[in-house]
Amino acid sequence: MITLIQESKQLFALSMFLLFVVILLWILQYAIIHYGKKMLAQVMRYGITLKQYCEQSKLFIRLKSSYPKFYHFLSRRFQRQHFYGLPLTLLFLLMGFILALFIGLVKEVVNSNSIVAIDYFVSQQMSMLNESSVVSFFVLITSLVSTKITCLVIFLVGIICWVIRQRYILIGLLVATLGSATFTFLSKMLFHRVRPADGLLLELARTYSFPSGHATITIAVYGFIAYLAIRFSQNFIRQVRIFAATVLFFVLVGLSRLVLNAHYLSDVLGGYLIGALWLTIAISVTEWLSMKHKIAWQIRWSISQVYMVWFSVVYVLIGTLIYAQVYQFPFLL
């Protein structure tokens, strides 16, 4: 056993990492299902206590008397009752945080700091897996986020939204898709980073490396679809499981780009951040439309509509297998 591990250190490390992610997600899922609502209620109580303390403090009383309009504006930003209050404030803070992380990552890559050394090390280790059987699995995973399959997914989601008469959802979907794709394309043209030399797919030489388009689309588009599934679901446990499965899918897609040496680690992280930024924007737009009563989440799904969703899932999986066999596996080195 020890000899086998020594002969395939990279495969063992990859397996241990995936096992760690699965266990971590299972623990997180268990904690949220059993303790999530209690912890949220506790946080809400702390928030109410903090609000009462602030309202009674001399600083806020002086601010209210001296600048009533500014105080009113500030207090409205923390009201939970409407979208323009605390929800929008948190979304803006999240977008600012993600953008700051992306700018920091860009500086690391441009200045060739420690992240670049890690990139080369990870790429070198992944090149050791070129002959491994896991390559075929990750080719299938990466095919699921290819341009052709993603267009098919968006088309099918659009049909479903049209059939259930929730067409305004398509605005958020288009924001996530077009925004992330455009931002990624412009970033690639700006940085002109060359892909890893040991890439397994011959067709990769035609495009640049930073950021990863697959990672971006995974978070932005598939993350938005997961958000829709969570919003339409009325079962808390199912919502948590959808979230956990989606995070695992994000990790697998990112690993597929590394195992196939299609991208460096920082490319994938950059794609994740861009995708998260546009996912946050798309969710903000969708929640705003929901607040305007343009979208109804609590709808009654007919049997035919449920079958349509499952047919779409099966159709995408079959399409992915065909795409991988025709367009991906023949291009393997």
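Here is a short tour of the structure, stop by stop.

**Before you click**

This is a predicted model, so local features are reported at pLDDT of at least 70 and side-chain atom pairs at pLDDT 80 or more, while totals for chains, interfaces and linings use all residues. Residues are numbered from 1 along each chain as its sequence is written, and side-chain values use heavy atoms, with hydrogens and water left out.

**Stop 1: the whole chain**

Show everything as a cartoon. You're looking at 13 helices and zero strands, where helices (H or I, at least four residues) and strands (E, at least two) are DSSP runs numbered from the N terminus. Along the principal axes, the C-alpha atoms fill a box of roughly 70 × 55 × 45 Å.

Now switch on the surface. About 19,700 Å² is accessible, and 71% of that belongs to carbon and sulfur atoms; these areas come from the Shrake-Rupley method with a 1.4 Å probe, and for residues only the protein chains shown count as cover. Of the 333 residues, 41% count as buried. Buried means under 20% relative accessible area, exposed over 50%, and partly exposed in between (1.4 Å probe, protein chains only).

How much of the contact map is long-range? Among contacts with a separation of 6 or more, 78% join residues 24 or more positions apart, a contact being heavy atoms within 4.5 Å.

**Stop 2: helix 12**

Select residues 265-291. This is helix 12, and its 27 residues should span 39 Å at 1.5 Å a residue; the end C-alpha atoms are 39 Å apart, which agrees. The expected span is 1.5 Å times one less than the number of residues. Is helix 12 largely enclosed or open? With 20 of its 27 residues buried, helix 12 is largely enclosed by the rest of the structure. Step past its end to His293, where phi is positive, near 65°.

**Stop 3: two aromatic pairs**

Colour the Phe, Tyr and Trp rings. There are 12 aromatic pairs in the whole structure. Rings of Phe, Tyr and Trp (its six-membered ring) pair if their centres lie within 6.5 Å; planes under 30 degrees apart count as stacked, over 60 as edge-to-face and the rest as tilted.

Pick Tyr120 and Tyr264. Their ring centres are 5.5 Å apart and the planes sit at 80°, so this pair is edge-to-face. Tyr120 belongs to helix 6 (residues 114-127) and Tyr264 to the loop between helix 11 (236-259) and helix 12, so the pair ties together parts that are 144 residues apart in sequence. Tyr120 is partly exposed at 48% relative accessibility, whereas Tyr264 is buried at 9%.

Next, pick Tyr227 and Trp297. Here the centres are 6.0 Å apart and the planes at 75°, so this pair is edge-to-face. Tyr227 is in helix 10 (residues 213-232) and Trp297 in the loop between helix 12 and helix 13 (303-328), 70 residues apart. Tyr227 is buried, with a relative accessible area of 10%, and Trp297 is buried at 7%. Add Phe224, Phe232 and Trp301 to the selection, and you have a cluster linked by ring pairs.

**Stop 4: Pro211**

Finally, zoom to Pro211, in the loop between helix 9 (169-191) and helix 10. Pro211 is buried, at 0% relative accessibility. What does it touch? Leaving out residues up to four places away in sequence, the contacts of Pro211 include Thr184, Ser187, His263, Asp267 and Ile274. Lys188 is another of those contacts; its C-alpha is 6.5 Å from that of Pro211, with the two positions 23 residues apart in sequence numbering.
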